[in-house]
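Trainee: Can you walk me through the salt bridges here? I'm new to this one.
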Amino acid sequence: MNSHLTDIEDISSQDSAIMMEEMSENSQEASFFPALWQQRRNLAFRIIGENQATSVIDYGCGEGALLSFLIWETTGDYPITRLAGVDILHERLKMAEDACQPQDFELGTNLRVNDLSIELYRGSVAEADQRLLGYDALACLEVVEHLDPEVLEKFWSVVLGTLKPKLVIVSTPNAEFNIYFPQLKYGTPEAIFRNDDHRFEWTRQEFEDWCRPAAEEYGYTVSFTGVGTLAHTDPAVGFCSQFATFKMKENSPLSSTSLTASECHSPVAKIQYPIYPEIHSDEEVLEYLLNKIAYIRPRLPEPVEEDDYYTWARDNDSYTIKLTHTDILDEDIPNDKKREVNVEEEEEKVDGEEEGKADEENGVELGVIDLDDLWLALDVRQRCKNRSRMIKILETSTLVRLDLEEGKVRFDEEDEFWKEYDRRNKVSDLSSQSSTGLGYGSEFDQDEYYDQVGYDYNEEEVHCDNIGYDEQNGGWDVGSWSKSTEADDTEAEDSPWKSPAVEPTASTADPWNSI
């Protein structure tokens, strides 16, 4: 049976090409930002998260615009661990399979915290597949308007009567909004649909009349909203795309119109994401958390000493150079210039002290970090698995105290534990550093990082020769520089630090790519 279970981008007729030209001429009238397909996807994602759904079916998944968005792991207590996509077009399902594959940056040290499996099926919404039973949520975005009457008639008995997810999200075009697309000639005998594959386009009342009886029959509540407005539109017309959200009631009744579920869909792909495999005891996790706090906690800048390190930049490379005041260097400065240099040094010293006081008063709060900063670190989430466990473990420590109302972790900065950590790891001022999301251990290993991204500064030393005072120009003159080991500035092929996949976009064949 041809269920036309396609997305709005499936257009190929000559009429569609004409509509594309008209749309380009009336871009202001049909310009949504973000694009309407993105707004639909974002709203569905928000509703799924608010209802704590951890498994989702995408009915009419197309090339995976929603699925590839749901695969991103959240930091909440209810991560999505199971996804399924159903579509009638095999080629679209293969595109969805490609869009849902793990990316390079999700491997190595950046493994997911929670399981994620994705199953893709080719099938019709007129049939209930038993492998889709037990999912928390089902989303069906811009699909029902493509269904033939005999298929649409079975939609609710399959979705609400047989599969029975706790949450169902359905969206469809709002025909009333077509008044803002003159080329559609809404309200006239020559009126056309937004897509020539549409079987109908409902007004808001017609959509409600289709949804409310089904909600009542199968034991659901239903509410309505939508996405898509333009600057000049009348709110009384509603949204461009209308949404219905169904939530299962407690003790919902069994319906006599339920169908028998069987394995009627054809499997196309199954994707299993790799996850962080190690299991850590509470004692191990606590030790790790304390070291993490010691690493990311704010610190005041250390006072500048006479012998200090300065940065010498050349050709976009930065090198650490140690300049020491020696008798030889002093002899290079003419006597009439020495006092001038000393005055400048004193002014810089005063300015530095005032700047340090400003940092302490305005920017740096010692002995406290945000609880979110700790939880957002991937390596912390890998070990704790969920935020509740992290909080429970931290509450057993005498070194920290939690302020859950303000979301803070507080501690005594003068405690010997934190000072010993700095001495052990030779840490100075890390107030501007954070390991959040890096996926490394509690101590950020710079050598390990540069090795992985293709740099090797492990053995590099920089030497500056012939340093003297240039009387003519009134400044220091560095005669030459060299380094003992050349750095390889090319990115390693196996680098884990690669850009994420580009967000899916609407088909270029779709004249309603923003709708």
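Trainee: Is Arg204 buried or exposed?

Mentor: Arg204 counts as partly exposed, because its relative accessibility is 29%. Buried means under 20% relative accessible area, exposed over 50%, and partly exposed in between (1.4 Å probe, protein chains only). This is a predicted model, where local features need pLDDT of at least 70, side-chain atom pairs count only at pLDDT 80 or more, and totals for chains, interfaces and linings use all residues. Residues are numbered from 1 along each chain as its sequence is written, and side-chain values use heavy atoms, leaving out hydrogens and water.

Trainee: Which residue does Arg204 form a salt bridge with?

Mentor: Glu176, with the closest N and O atoms 3.0 Å apart. Glu176 is in the loop between β5 (167–173) and α7 (204–218), while Arg204 is in helix α7, 28 residues apart. A salt bridge is a side-chain nitrogen of Lys or Arg within 4 Å of a carboxyl oxygen of Asp or Glu. Helices (H or I, at least four residues) and strands (E, at least two) are DSSP runs, numbered from the N terminus.

Trainee: How many salt bridges are there in the whole structure?

Mentor: A search finds 23.

Trainee: What about Lys292 and Asp379, buried or exposed?

Mentor: Both are buried. Their side chains meet in a salt bridge at 2.7 Å, N to O. That pair links distant parts of the chain, with Lys292 in helix α8 (residues 282–296) and Asp379 in helix α12 (residues 378–384).

Trainee: And which residue does Asp372 pair with?

Mentor: Arg387, at 2.9 Å from N to O. Asp372 sits in helix α11 (residues 371–375) and Arg387 in helix α13 (residues 387–394).
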